[in-house]
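Welcome! Please load the model in your viewer and get your selection tool ready.

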Amino acid sequence: MKILGVKGMNDILPDPLGPMSVWQRIEAACRARFDRYGYREVRTPIVEETRLFARSIGEETDIVGKEMYSFTDRKGKKQLSLRPEGTAGVVRSYIQHSVHSKNPITKWWYGGPMYRYERVQAGRYRQFHQIGAEALGVAAPAMDAEMLLMLDGLLRHDLGIQSLTLLINSLGDRADRASYVQALRDYLGSHLTGLCEDCKKRYERNPLRALDCKVPPCQPILDKAPRIKAHLSSEARTHFDTVLELLSGMQVPFEIKPRLVRGLDYYNRTCFEFVAGGLGAHDTVCAGGRYDDLVKTLGGPSIPAVGFALGMERLVLLAPKELSRRPEGPAVFFVSVDEEAISTCFRLTESLRRAGLEAEMDQRGGSVKSQMRRADKVHARFAVVIGEQETSEGAAHIKDLRAGEEVPVETPVSFEDLAAEIHLRLKRSS
Ligand code: HAM
């Protein structure tokens, strides 16, 4: 019986079978850019108490209501969940370690798998990977703008994604939101017959979620729904205007999207999404916003914060061809002419590895032809064929697998000098 992976949870295979090198290049680009903006990596557990997510993301959200992988621990006492996102765990850790008392401003980034029981489609999976960052301790709009500059630079410049739009909105503060939710509920209540079944439910439980609805008959109703802008306090409005001015001043393009609300309840003021062309229905590659009340809600002091998360699978789908360069193979592939030569190859392979080179051999032996084919397949740069003569003389020829046939036969290189010679040749050709 063949046991397959779980639906919606994918293997990421090494090249050339899979896109591993693209993943690694995106991760390296994120790391390098986050470093420049002063973000430090944090790693938190994949499993947390379920109530952490319920309290932060919100009981009424789809994520907590129907998408979490939850279970009771072995003693039957604790309700635990696989993390559906990273912010809740990072904030829990920030509070638990009293980070605010050691440093007024904290910039952390993280990456790893997240779990949501969603309907699986292209770009939407049940295990997916996020790279996210959280800046805690600063309420000023310049922090929102700095974060968006960092993301614009990462996505457009470092990763070369051209078809990108930054959508931005303000959700106001708690009181603004409450007054807006009331206005929205009144409006939706007077249009209930035209709304889809989901929106009818959202009208009661979480009217903001209706603004996200994609069902065509709902669109004309939602387009005419009241806008949050009219409900923003003057502080929230000034905050939003300042973020937009700072972005314009740095030539970062954006589009204000009044219907942009987020699927998690912790946001206030600035919220944003980067959407990209060519991804179909699930075109948001990055999303985030301000969450000034969350630290307090989770039992910490009142600390403002802003953050985002990038969807790795979607970025990999978008990454331009240049990011998936032909993989580098080993520097040297040792080929044994006969059974006796295998042990010499074994020694030489290890001595080159100890000298810092990637070296490979076929431990099974076999014909020279089949071993050369294997060297080619793994994209080895040089081949060294070892037979009785090479073993007894302690020297061998280095064959450049990228050069054509016409390379003149050179004098053999002694085994002691092999590593230095390969290092030299690699340097010369780089
Ligand atoms: P989110 O919008 O739920 O926000 O997810 C962020 C990104 O993760 C999405 O824009 C998308 O690219 C990716 N993503 C989400 N669900 C899936 C899925 N099922 N399959 C593939 N990719 C997916 C958050 O998670 C917030 N924690 C972001 C944040 C950080 N806000 C403040 N700080």
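We will visit the ligand, then the strands around it, then the nonpolar cores.

Keep in mind as you go that this is a predicted model.

**Stop 1: the ligand and its shell.** Select the ligand and show what surrounds it: you should find 26 residues. Glu85, Glu118, Arg262, Tyr267 and Thr284 are the closest. Now colour the shell by class, and 12 nonpolar, seven polar and seven charged residues will appear.

**Stop 2: polar contacts.** Which atoms of the protein sit beside nitrogen atoms of the ligand? Start with the side chain of Glu118, where an N or O atom is 2.7 Å from a ligand nitrogen. Next pick Thr87, which places a polar side-chain atom 2.9 Å from a nitrogen of the ligand. At Phe308, display the backbone instead: one of its polar atoms is 3.2 Å from a ligand nitrogen. If you switch on a surface here, note that the protein buries 96% of the 660 Å² that the ligand exposes when taken alone.

**Stop 3: the strands.** Select β6 (127-136), β10 (284-290) and β11 (305-311); each gives the ligand shell at least two residues. Pause on β10, since the largest share, five residues, comes from there.

**Stop 4: the cores.** Move on to the largest nonpolar core, which has 56 residues. Val91, Tyr94, Leu136 and Leu188 are the members that touch the most others. Centre on Leu188 and, setting aside its neighbours within four places in sequence, look for its contacts with Leu195, Tyr203, Pro207, Ala210 and Leu222. Finally, find the separate core of 45 residues by selecting some of its members, including Trp23, Leu154, Ile161 and Leu318.

Terms used. Residues numbered from 1 in each chain as written. Predicted model: local features only at pLDDT ≥ 70, side-chain atom pairs only at ≥ 80, totals over all residues. Heavy atoms only, no water. Near = heavy atom within 4 Å. Polar contact = N/O pair within 3.5 Å; in protein donor to acceptor, adjacent residues only side chain to side chain. Areas by Shrake-Rupley, 256 points an atom, 1.4 Å probe, with all protein chains shown as cover. Helix = DSSP H or I, 4+ residues; strand = E, 2+ residues; numbered from the N terminus. Nonpolar A, V, L, I, M, F, W, Y, C, P; charged D, E, K, R; others polar. Core = buried A, V, L, I, M, F, W, Y, C linked by side-chain atoms within 4.5 Å. Buried < 20%, exposed > 50% of the residue type's maximum accessible area, 1.4 Å probe, protein only. Contact = heavy atoms within 4.5 Å.
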